[in-house]
Amino acid sequence: MVKISIVMPVYNGSKFLKRSINSVLEQTLKDLEIICVNDESTDNSLEILEELQKEHDFIKILNQKNSGSGKARNNGMNNAVGEYIAFLDVDDIFVDKDALEKMYNFGIKNDADIVGGNLVRVSNEDVIEENFNYAEKNYMYFSEECEIEPEEYGIPWAFYKNIFKRSFLNKFNIRFPNLSRGQDPVFLAEILTKVDKVYAVNSDLYGYYYNAAGQANDKINTTEKKIDYLNHYKQTFDILDKEGFTSVSNAYKNTFITILRIKERENDQEYIDLVYKIFDIDKYFEKDSYPYSYLSKIRPSEKISDEDIENLLKIKEDLVNKTLTNDFFIDFNQIKQYTKDIEEFVDKDEFIQQSYAQVYDKFNQEKRNFEEISNDLKILPEQIQELKDSNEAILSSGAWKHTKFLRDIKHYLK
């Protein structure tokens, strides 16, 4: 009986294949199969796999047209026979030799649909490094055998540090989406929103060589990949929000902005434009949230122009001039209309480029100053009338001696 099927997509991994598969051979659990899905490699990966298969009959080789790691993993899952499924990328390794055995036994004991372990980062010099994701609480570190609520796992990253019951994946038809980038969080979000509990052991299962194939952000280098990567966020948010995983969704939305602010992304106008084409930010982000606040400061390149800015400031200037030159006669309907014009102009371009922020700050301050002036002017006629009434009262007073000079002035003005 095969206890765990290990699915490994292989594309031009000849430099790492033996290291990766040796880490499987060193596992204390022996009832395994390794399903290597060759994604039309152009190096000698297939030859290496065929040599290893001659030595180890539990290595299975599947060949497919180049379709990406997501489809390769789906292909492997569809051909797996193990009770549980684990995943291993060709340039990574399993770390603790008894990790799979401990996870499998704990899974069987608890009839678990998912069993988690821990992940370590490994340099190209094979040095194990601290995983900053635990310090930043992106996902949970398992210090002992435990069971937790799915929401406690953290954001849906590092799917490969877990094993999954194959019958559970098949029951809900959970597979990787057809995206060239970002398939993993969508896959894990589907799982976390459908399991009752996450079971876990204190074991370092997965060693992630973070520089083996280049930085992840360097791989998002075409329009298609940018679109797919942004769509992975959208699909993940949809899954989490639909199932009421609000805290997890909000945490991943914050992560979305953090990654968006990476220099290569923030200065990539095409990427920023795509954000607005893919997301309705009023739908996906709360207006008082950090993501909404940040996205409000950036916008697609075609949404505003210097001419728009000049027109906006002209509206403000005309409003002030038309009011102050009317000799205290205030047409408040006209003021209301001009103010409405300004607000509509601002609403037209709700998401203003950060480069124009100072212009708008100045405009808003002047607008506030104008509103204060308008309020003062509004009450001035009342004050004038009060003074007139007061004067009339004095002139009508019986105190002839004290009001004589006012009557003289009045007679002189006539």
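The exercises below, each with a worked solution, concern helix packing, nonpolar cores and aromatic pairs in this structure.

The model is predicted, so local features need pLDDT of at least 70 and side-chain atom pairs count only at pLDDT 80 or more, while totals for chains, interfaces and linings use all residues. Residues are numbered from 1 along each chain as its sequence is written, and side-chain values use heavy atoms, with hydrogens and water left out.

**Exercise 1.** Determine how helix 3 and helix 7 are oriented to each other, and which residues make the contact.

*Solution.* Begin with the axes: those of helix 3 (residues 69-78) and helix 7 (residues 183-192) come within 10 Å and cross at roughly 40 degrees. Helices here are DSSP runs of H or I with at least four residues, and strands are runs of E with at least two. Next, apply the angle classes, in which under 35 degrees is roughly parallel, over 145 roughly antiparallel, 65 to 115 roughly perpendicular and the rest oblique; helix 3 and helix 7 are therefore oblique to each other. Finally, list the contact (heavy atoms within 4.5 Å): helix 3 supplies Ser 69, Gly 70, Arg 73 and Met 77, and helix 7 supplies Gln 183, Asp 184 and Phe 187.

**Exercise 2.** Establish how far helix 7 is covered, and which residues touch the most other members of the largest nonpolar core.

*Solution.* Taking buried as under 20% relative accessible area (1.4 Å probe, protein chains only), 9 of the 10 residues of helix 7 are buried, including Phe 187 and Ile 191. A nonpolar core joins buried Ala, Val, Leu, Ile, Met, Phe, Trp, Tyr and Cys residues through side-chain atoms within 4.5 Å. In the largest one, of 65 residues, Ile 4, Leu 100, Phe 187 and Ile 191 touch the most other members. Strand 10 (residues 198-209) gives the largest share of this core, 6 residues.

**Exercise 3.** Classify the ring pairs that Phe 256 forms with Phe 279 and with Phe 285.

*Solution.* Rings of Phe, Tyr and Trp (its six-membered ring) pair if their centres lie within 6.5 Å, and planes under 30 degrees apart are stacked, over 60 edge-to-face and the rest tilted. The structure holds 31 aromatic pairs. For Phe 256 and Phe 279, the centres are 5.3 Å apart and the planes at 45 degrees, so the pair is tilted. For Phe 256 and Phe 285, the centres are 6.1 Å apart and the planes at 10 degrees, so that pair is stacked. As for the places in the chain, Phe 256 lies in helix 9 and Phe 285 in the loop between helix 12 and helix 13 (290-295), 29 residues apart.

Technical notes
Axes are lines fitted to C-alpha atoms, for helices over the stretch in contact, and angles run from 0 to 180 degrees between N-to-C directions. Buried means under 20% relative accessible area, exposed over 50%, partly exposed in between (1.4 Å probe, protein chains only).
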